[in-house]
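Thanks for coming, everyone. I'll talk through one structure today, pockets and sheet included. Have a look at it first.

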Amino acid sequence: MPQYEEIYGTRIKIPDPISHETVLNWDKPKEEQIWVREELPHFFDRVQYNKNGDLVLTPEQEEYADREVQRCKNGVHIYINGVLRYIPKKYYFYLQYWVLEDSGRPEYRDCDRRYFTYLEHWENILWCLGIIRGKKRREGASSQATSNLVYEAVFYKNSNCGLISKSRDDSKDTFTDMVTFGYRHLPPFLKPKQVNKEDSVTELVFAQKSSNISEGTVSGRKEDEGHRSKINYRAPVLNAYDRGRMSRILLDEFGKLPVEVPANQLFGIISKTLVKGVKRVGFVEMPSTVNKLTKGGIGFQLIWGNADLKKKTPTVNRLVRYFCPAHDGYEGFIDRYGDSVIDAPTEEQYQYLVNKWVKKDEDGNVISELSEEDIRLGAKAYIQKRRVGMGGDDLEEEIRMNPENEVELFMSANADCIFNIMKLNEQAEYLKNNQIHKRKIVYYRDLDQSVKWRDLRDGESLIHWEWVGELAKPDMATYHDMGSLKYGRADVGVIGVDGITNEQGGKRYGSKASAWVYTKFDFKDPENTGLFIGHLYGRPKEKDDLHEQIMLCSEYHGFPIYWEFVADTYYDYFKKRGRLGLLAKFPLNAIDPVKRNKEKVERHYGYPTTPFALTKGNDAMITYVEHYCHKINWIELIEDLKQYDPDKRTEFDRTVSAMIALVGGLEPVRKPPPKSVPLITVYDSSGKAISV
């Protein structure tokens, strides 16, 4: 019966063992079933080469080499602690033959086995061009990816492999300290004949003919494999790899590229070398932690967003993404079998970890990073403990180093955020796991001149609203005043608008229009008020399309409109249609009290863009995020708030319009006091007043 494993949302079929005897550790007791790297046999202490420089193996050496090459090509099965596990081919190569940059050897970790299994699965899906891997610090992802580069050049002919890191120096260091260093330590039967020097600091170029043994057959490889291959590196520039064919590329730390080299643009260029027509000819690995969005992380985040299988399959950029929580594989919390100690350890795990990690001086004082109390917590609780007492940049750096979810992966990208980034990330994570249904609607005027709404039809490209609130038409939403229709429910809600100023060329260069419908907080119904219930966003074909939708929305619900006072073409539109009364004037709370008291301030229809008004909007949103962030139902607004720069507001239409709505919602509604003397008094026949 086929066996499957669920890894990061992907159901993966696991191959069956060839036979029981080929399974490693099958003959050992359960407690002894651990991964142990097999040392190269002593008969490889000396090897011979012929006059052409080709490796000549003895029958004994050839037999061993053939077995190991087959394992590297097919993977192996192994019993670990009584559980049969599949070790993919590239993971076997990594565990058995790779040497790390510090001269150490990789240790078996089940979290790494799962990644290599995931990698192998997607390498076999032909539309997939690679994996973008968000990670914690010191996860070993770069070492694994460099091992995979060398694997490609060793086992496949005509392989053109390369790597790019976050700077030229980093690219060079990764190449020399990981690629060439690891390659030099491979056993001779896994090293193709090389054209250039083994310790080259620019590229490895392998010979056109592989090393043969004396009988004329290849040492565990077919005659045409492993030839005419090379590995090199490039600096992070937009034309690094922009032509030809690439078989495998490592894009290391792409979340830390310089601002002038956007990761998404660079990958867009590189991706052309991975395909020939529609056929895939190469594969990319992209492991990285993330810099601030303002320092280059935004490009990596865009690639990440376009690699979401939940949104589209195949994905937009033909990549898939991978993330492993920090507590899974956290150094210091991995038991002797390679499994992660996520929660409180068993007594056996506790004793093993204490013996391995806890060090004390002669007086019994703990001198290591971990103590017995830390070990008792397990990895997940220990990571949370490290965050206690931290704040600001220190907390965000700690979270970035050890992210527990995908939202935290980009935490460091928001260190300059003026809002509570923890609250925003918590709500973003909630929204990702709890989809809020939003109805797409457009308002229209019916034949009887009343305003109604309908659902957006499939294929329509009209600018429209997304709605999560009540859509039933309220009574007495508007009334006529001095020949103009006037809003009648300012005490219930408002509409905040960040419009557009230019029509020509705006589709490409201008900002987008954004409007929010916000209901004011009501102490009688705190759960269903004080929140954004409707959102309009996009670039209309004509300004009138935008004006109409906002006007009809206001007329239908009876909410006043606060329109950012930049270009007031909206004023003429509303006035010509007798709807000027739907526009609100500058809110008093957005006008500097000093100016308001000392001089008569002209209050136009709209929302002011003075420094005081802008600061008022910032303050209102800071308070809202702090206390009511859980009420935000649009993840798009969350992401916009996380990136918001108060000094460069133009790019953040969603945030600006939401701020306008909040400040407008704070404006008190002034109702005239009741008349002390009634206008009309009714008397009975005796002359006594009976009603007022």
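Helix H3 (residues 110-123) gives the largest share of the lining of the largest cavity, 3 residues. Helices here are DSSP runs of H or I with at least four residues, strands are runs of E with at least two, and both are numbered from the N terminus. A cavity is a set of points on a 1 Å grid over the protein atoms alone, where a 1.4 Å probe fits but cannot get out; a lining residue has an atom within 4 Å of a point.

A word on the basis: this is a predicted model, where local features need pLDDT of at least 70 and side-chain atom pairs count only at pLDDT 80 or more, while totals for chains, interfaces and linings use all residues. Residues are numbered from 1 along each chain as its sequence is written, and side-chain values use heavy atoms, with hydrogens and water left out.

Back to that cavity. Its volume is about 60 Å³. Volume means the space filled by probe spheres set on the points, with grid points joined across faces, edges and corners. The lining includes Arg109, Cys111, Asp112 and Tyr115, and also Arg138, Glu139 and Tyr322. By class, that is 4 nonpolar, 1 polar and 6 charged residues. Nonpolar covers Ala, Val, Leu, Ile, Met, Phe, Trp, Tyr, Cys and Pro; charged covers Asp, Glu, Lys and Arg; the others, Gly among them, are polar.

How many cavities of 30 Å³ or more does the structure hold? There are 3. The second largest has about 40 Å³. Tyr607, Ala613, Leu614, Gly617, Arg649, Val656, Met659 and Ile660 line it. Helix H18 (611-628) and helix H20 (653-666) each give two or more of those residues. The split is 6 nonpolar, 1 polar and 1 charged.

Now the pockets. A pocket is an open set of grid points with protein on both sides within 12 Å along at least five of seven lines. The largest holds about 1,500 Å³. It has 44 lining residues, and the closest to its centre are Asp308, Lys311, Arg321, Lys432 and Ile635. Elements giving two or more residues are helix H7 (297-305), strand S15 (319-323), helix H12 (406-409), helix H13 (421-433) and helix H19 (635-643). The classes: 16 nonpolar, 13 polar, 15 charged.

The second largest pocket has about 1,100 Å³. Of its 43 lining residues, Arg137, Arg138, Glu139, Gly140 and Glu331 are closest to the centre. Helix H5 gives the largest share, 5 residues. Here the lining divides into 10 nonpolar, 12 polar and 21 charged.

Last, the sheet. It is open, with 7 strands in the order S17-S16-S18-S23-S22-S21-S24 and mixed pairing. Why do S17 (451-455) and S24 (561-563) each have one side without a neighbour in the sheet? Both stand at the edges with a single partner strand, so one side of each is left free of a neighbour there. Pairing requires at least two bridges found by DSSP. S16 (residues 439-445) and S17 pair in the antiparallel sense over 5 bridges. One bridge joins arginine 445 to valine 451 of S17.

Helix H15 (residues 543-557) packs on the sheet, and the strands it touches include S16, S17 and S24. Contact means heavy atoms within 4.5 Å. The direction of H15 makes about 90° with that of S16. Axes are lines fitted to C-alpha atoms, for helices over the stretch in contact, and angles run from 0 to 180 degrees between N-to-C directions.
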